[in-house]
Amino acid sequence: MSSFFTVEKIILAKKITMKFKFRALLFTIAFTAISGVMYTASAQTKKAPAKKAPAGKSSAADIAAGQDLISKSDCLTCHKLDVKIIGPAYKDVAAKYKPTDANVALLAKKVLEGGSGVWGAVPMSAHPNLSTADAKKMVRYILSVK
Ligand code: HEC
(Lines give C-alpha, C1' and ligand atoms only; values in the text may rest on other atoms or scores of the structure.)
Protein backbone atom coordinates (compact mmCIF):
# COMPACT_ATOMS: atom_id res chain seq x y z
CA MET A 1 0.00 0.00 0.00
CA SER A 2 2.66 2.40 1.02
CA SER A 3 4.65 1.83 -2.18
CA PHE A 4 1.51 2.54 -4.21
CA PHE A 5 1.13 5.89 -2.46
CA THR A 6 4.76 6.72 -3.13
CA VAL A 7 4.28 6.17 -6.85
CA GLU A 8 1.14 8.28 -6.77
CA LYS A 9 3.03 11.01 -4.98
CA ILE A 10 5.85 10.99 -7.51
CA ILE A 11 3.40 11.18 -10.42
CA LEU A 12 1.55 14.03 -8.72
CA ALA A 13 4.78 15.91 -8.03
CA LYS A 14 5.82 15.54 -11.68
CA LYS A 15 2.44 16.82 -12.82
CA ILE A 16 2.78 19.87 -10.59
CA THR A 17 6.30 20.56 -11.84
CA MET A 18 5.08 20.28 -15.43
CA LYS A 19 2.28 22.71 -14.67
CA PHE A 20 4.72 25.22 -13.26
CA LYS A 21 7.09 24.78 -16.16
CA PHE A 22 4.25 25.33 -18.58
CA ARG A 23 3.15 28.45 -16.72
CA ALA A 24 6.68 29.78 -16.67
CA LEU A 25 6.87 29.22 -20.41
CA LEU A 26 3.55 31.00 -20.99
CA PHE A 27 4.72 33.87 -18.81
CA THR A 28 7.97 34.20 -20.75
CA ILE A 29 6.11 34.22 -24.07
CA ALA A 30 3.62 36.81 -22.84
CA PHE A 31 6.37 38.99 -21.38
CA THR A 32 8.40 38.88 -24.59
CA ALA A 33 5.33 39.72 -26.66
CA ILE A 34 4.31 42.65 -24.45
CA SER A 35 7.78 44.15 -24.24
CA GLY A 36 8.10 43.74 -28.01
CA VAL A 37 4.85 45.65 -28.58
CA MET A 38 5.89 48.34 -26.13
CA TYR A 39 9.28 48.74 -27.79
CA THR A 40 7.67 49.08 -31.23
CA ALA A 41 5.17 51.61 -29.87
CA SER A 42 7.88 53.74 -28.26
CA ALA A 43 9.99 53.56 -31.41
CA GLN A 44 7.03 54.83 -33.41
CA THR A 45 6.41 57.69 -30.97
CA LYS A 46 10.03 58.73 -31.34
CA LYS A 47 9.82 58.62 -35.13
CA ALA A 48 6.66 60.80 -35.30
CA PRO A 49 7.66 64.24 -36.62
CA ALA A 50 7.37 67.21 -34.27
CA LYS A 51 4.35 69.32 -35.12
CA LYS A 52 6.18 72.55 -34.37
CA ALA A 53 6.74 74.92 -37.29
CA PRO A 54 10.45 75.14 -38.09
CA ALA A 55 12.24 78.32 -37.03
CA GLY A 56 11.45 81.15 -39.40
CA LYS A 57 8.27 79.51 -40.63
CA SER A 58 4.87 80.57 -39.35
CA SER A 59 2.25 77.90 -38.73
CA ALA A 60 -1.00 78.16 -40.67
CA ALA A 61 -2.90 78.27 -37.37
CA ASP A 62 -0.90 81.27 -36.13
CA ILE A 63 -1.40 83.11 -39.44
CA ALA A 64 -5.17 82.52 -39.39
CA ALA A 65 -5.39 83.60 -35.74
CA GLY A 66 -3.33 86.71 -36.53
CA GLN A 67 -5.63 87.71 -39.38
CA ASP A 68 -8.63 87.30 -37.10
CA LEU A 69 -7.01 89.39 -34.34
CA ILE A 70 -6.16 92.18 -36.81
CA SER A 71 -9.74 92.32 -38.07
CA LYS A 72 -10.90 92.78 -34.46
CA SER A 73 -8.31 95.46 -33.59
CA ASP A 74 -7.74 99.01 -34.90
CA CYS A 75 -4.92 98.08 -37.30
CA LEU A 76 -7.03 98.40 -40.43
CA THR A 77 -7.80 102.07 -39.79
CA CYS A 78 -4.13 102.83 -40.60
CA HIS A 79 -3.07 99.78 -42.65
CA LYS A 80 -4.37 98.26 -45.84
CA LEU A 81 -3.23 95.10 -47.53
CA ASP A 82 -1.72 96.64 -50.65
CA VAL A 83 -1.79 100.45 -50.39
CA LYS A 84 -0.12 102.78 -47.95
CA ILE A 85 -2.61 104.91 -45.99
CA ILE A 86 -1.34 106.22 -42.66
CA GLY A 87 0.85 103.17 -42.09
CA PRO A 88 2.67 101.07 -44.69
CA ALA A 89 0.80 98.45 -46.76
CA TYR A 90 1.09 94.97 -45.23
CA LYS A 91 2.51 93.76 -48.55
CA ASP A 92 5.34 96.27 -48.24
CA VAL A 93 6.03 95.21 -44.65
CA ALA A 94 6.09 91.55 -45.76
CA ALA A 95 8.48 92.40 -48.60
CA LYS A 96 10.83 94.18 -46.19
CA TYR A 97 11.02 91.52 -43.46
CA LYS A 98 11.50 87.75 -43.70
CA PRO A 99 9.28 85.83 -41.22
CA THR A 100 12.19 84.88 -38.93
CA ASP A 101 11.60 84.55 -35.19
CA ALA A 102 13.83 87.61 -34.63
CA ASN A 103 11.83 89.79 -37.04
CA VAL A 104 8.53 88.59 -35.58
CA ALA A 105 9.74 89.52 -32.07
CA LEU A 106 11.03 92.91 -33.25
CA LEU A 107 7.82 93.86 -35.05
CA ALA A 108 5.57 92.55 -32.25
CA LYS A 109 7.46 94.83 -29.86
CA LYS A 110 6.90 97.74 -32.26
CA VAL A 111 3.15 97.00 -32.44
CA LEU A 112 2.96 96.91 -28.62
CA GLU A 113 5.04 100.02 -28.04
CA GLY A 114 4.30 102.06 -31.19
CA GLY A 115 6.91 104.26 -32.83
CA SER A 116 8.07 105.91 -36.01
CA GLY A 117 11.10 106.38 -38.22
CA VAL A 118 11.14 103.18 -40.27
CA TRP A 119 8.53 104.13 -42.88
CA GLY A 120 8.35 107.87 -42.25
CA ALA A 121 7.81 110.43 -39.54
CA VAL A 122 4.22 109.43 -38.75
CA PRO A 123 4.17 107.27 -35.63
CA MET A 124 2.17 104.10 -35.07
CA SER A 125 0.10 104.22 -31.90
CA ALA A 126 1.06 101.86 -29.07
CA HIS A 127 -1.12 98.81 -28.33
CA PRO A 128 -0.45 98.10 -24.66
CA ASN A 129 -3.60 96.02 -24.29
CA LEU A 130 -2.37 93.36 -26.70
CA SER A 131 -0.45 90.36 -25.37
CA THR A 132 2.97 89.70 -26.89
CA ALA A 133 1.68 86.33 -28.13
CA ASP A 134 -1.24 87.96 -29.97
CA ALA A 135 0.97 90.70 -31.43
CA LYS A 136 3.33 88.00 -32.72
CA LYS A 137 0.44 86.18 -34.41
CA MET A 138 -0.64 89.45 -36.06
CA VAL A 139 2.89 90.00 -37.31
CA ARG A 140 3.12 86.42 -38.58
CA TYR A 141 -0.03 87.07 -40.59
CA ILE A 142 1.32 90.40 -41.94
CA LEU A 143 4.61 88.80 -42.98
CA SER A 144 2.71 86.02 -44.77
CA VAL A 145 0.89 88.52 -47.04
CA LYS A 146 2.06 88.49 -50.66
C1 HEC B 1 -2.65 105.20 -35.82
C2 HEC B 1 -2.37 104.45 -37.01
C3 HEC B 1 -1.89 103.03 -36.84
C4 HEC B 1 -2.53 101.98 -36.23
C5 HEC B 1 -3.86 101.99 -35.51
C6 HEC B 1 -1.68 100.82 -36.44
N7 HEC B 1 -0.54 101.15 -37.13
FE8 HEC B 1 0.95 99.92 -37.63
N9 HEC B 1 1.99 101.47 -38.38
C10 HEC B 1 1.54 102.80 -38.44
C11 HEC B 1 2.60 103.64 -38.95
C12 HEC B 1 2.51 105.14 -39.18
C13 HEC B 1 3.69 102.79 -39.17
C14 HEC B 1 5.08 103.17 -39.68
C15 HEC B 1 5.96 103.38 -38.43
C16 HEC B 1 7.40 103.72 -38.77
O17 HEC B 1 7.67 104.32 -39.79
O18 HEC B 1 8.28 103.32 -37.96
C19 HEC B 1 3.27 101.44 -38.82
C20 HEC B 1 4.07 100.33 -38.95
C21 HEC B 1 3.67 99.03 -38.68
C22 HEC B 1 4.48 97.86 -38.87
C23 HEC B 1 5.91 97.86 -39.40
C24 HEC B 1 6.84 98.33 -38.31
C25 HEC B 1 8.27 98.52 -38.72
O26 HEC B 1 9.07 98.88 -37.84
O27 HEC B 1 8.61 98.29 -39.90
C28 HEC B 1 3.74 96.79 -38.48
C29 HEC B 1 4.17 95.34 -38.47
C30 HEC B 1 2.46 97.31 -38.03
N31 HEC B 1 2.45 98.66 -38.18
C32 HEC B 1 1.45 96.52 -37.56
C33 HEC B 1 0.30 97.04 -36.97
C34 HEC B 1 -0.68 96.24 -36.30
C35 HEC B 1 -0.64 94.73 -36.15
C36 HEC B 1 -1.65 97.07 -35.84
C37 HEC B 1 -2.89 96.75 -35.03
C38 HEC B 1 -2.66 96.12 -33.74
C39 HEC B 1 -1.26 98.43 -36.25
N40 HEC B 1 -0.08 98.35 -36.93
C41 HEC B 1 -1.99 99.54 -35.98
C42 HEC B 1 0.28 103.22 -38.06
C43 HEC B 1 -0.64 102.49 -37.39
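# Working through an all-helix chain

The chain has six helices and zero strands, and the model is a predicted one. Grab the structure above and work through these.

**Exercise 1. Getting the overall picture**

Work out how the elements run from the N terminus on, and what percentage of the residues in the chain is buried.

*Solution.* Start with the order of elements: from the N terminus on, they run α-α-α-α-α-α. Next, look at burial. The chain has 146 residues, and buried ones make up 15% of them. Finally, check how far along the sequence the contacts reach. Take contacts between residues at least 6 apart in sequence: 59% of these join residues at least 24 apart.

**Exercise 2. Helix 2 against helix 6**

Find out how the axes of helix 2 and helix 6 cross, and which residues meet there.

*Solution.* Step one is the geometry. The axis of helix 2 (residues 60-72) and that of helix 6 come within 7 Å and cross at roughly 105°. Step two is to put a word on that angle. Angles of 65 to 115 degrees count as roughly perpendicular, and helix 2 and helix 6 are therefore roughly perpendicular to each other. Step three is to list who meets whom. Helix 2 brings Asp62, Ile63, Ala65, Gly66, Gln67, Leu69 and Ile70, and these meet Asp134, Lys137, Met138, Arg140 and Tyr141 in helix 6. Step four is to sort them by class: the contact has six nonpolar, two polar and four charged residues.

**Exercise 3. Two residues on the helix 2 side**

Decide whether isoleucine 63 and serine 59 are buried or partly exposed.

*Solution.* Take isoleucine 63 to begin with, which lies in helix 2. The cut-off for buried is 20 or more other C-beta atoms within 10 Å. Isoleucine 63 has 20 C-beta neighbours inside 10 Å, so it counts as buried. Leaving aside neighbours within four places in sequence, isoleucine 63 is in contact with Ser58, Arg140, Tyr141 and Ser144. C-alpha to C-alpha, isoleucine 63 sits 6.2 Å from lysine 137, though the two are 74 residues apart in sequence.

Now serine 59, in the loop between helix 1 (2-47) and helix 2. Serine 59 has 14 C-beta neighbours inside 10 Å, so it counts as partly exposed. Lysine 137 turns up again here: its C-alpha is 9.5 Å from that of serine 59, with their positions 78 residues apart in sequence.

**Exercise 4. How covered is helix 6?**

Name the buried residues of helix 6 and the helices they pack against.

*Solution.* Count them up: nine of the eleven residues of helix 6 are buried, so the helix is mostly covered. They are Asp134, Ala135, Lys136, Lys137, Met138, Val139, Arg140, Tyr141 and Ile142. Then see what covers them: the buried residues pack against helix 2, helix 4 (90-96) and helix 5.

Zoom in on aspartate 134, which is found in helix 6. Aspartate 134 is buried because 20 other C-beta atoms lie within 10 Å. Its C-alpha and that of alanine 108 are separated by 8.5 Å, while the two residues are 26 apart along the chain.

**Exercise 5. The largest nonpolar core**

Which members of the largest nonpolar core touch the most other members?

*Solution.* The core holds 13 residues, and the ones to pick out are Ala108, Val111, Met138, Val139 and Ile142. Next, trace where the core comes from: helix 2, helix 5 and helix 6 are the elements that give it two or more residues. Helix 6 gives the most, with five residues. For a closer look, pick valine 111. Not counting residues up to four places away in sequence, valine 111 touches His127, Leu130, Ala135, Met138 and Val139.

**Exercise 6. Around the ligand**

Describe the shell of residues around the ligand, by class.

*Solution.* Begin with the head count: 28 residues surround the ligand, and the closest are Cys75, Cys78, Gly87, Trp119 and Met124. Then split the shell by class, which gives 16 nonpolar, ten polar and two charged residues. Last, match the shell to the helices: helix 3 (75-78), helix 5 (101-113) and helix 6 (132-142) each supply at least two residues.

How values were computed
Residues are numbered from 1 along each chain as its sequence is written. This is a predicted model: local features need pLDDT of at least 70, side-chain atom pairs count only at pLDDT 80 or more; totals for chains, interfaces and linings use all residues. A residue is near a molecule or strand if its C-beta atom, placed from the backbone, lies within 6 Å of it. Helices (H or I, at least four residues) and strands (E, at least two) are DSSP runs, numbered from the N terminus. Ala, Val, Leu, Ile, Met, Phe, Trp, Tyr, Cys and Pro count as nonpolar, Asp, Glu, Lys and Arg as charged, and the others, Gly among them, as polar. Axes are lines fitted to C-alpha atoms, for helices over the stretch in contact, and angles run from 0 to 180 degrees between N-to-C directions. Angles under 35 degrees count as roughly parallel, over 145 as roughly antiparallel, 65 to 115 as roughly perpendicular and the rest as oblique. Two residues are in contact if their C-beta atoms, placed from the backbone, lie within 7 Å. A nonpolar core is a set of buried Ala, Val, Leu, Ile, Met, Phe, Trp, Tyr and Cys residues joined through C-beta atoms within 7 Å. A residue is buried if 20 or more other C-beta atoms lie within 10 Å of its own, exposed if 12 or fewer, and partly exposed in between; C-beta atoms are placed from the backbone.
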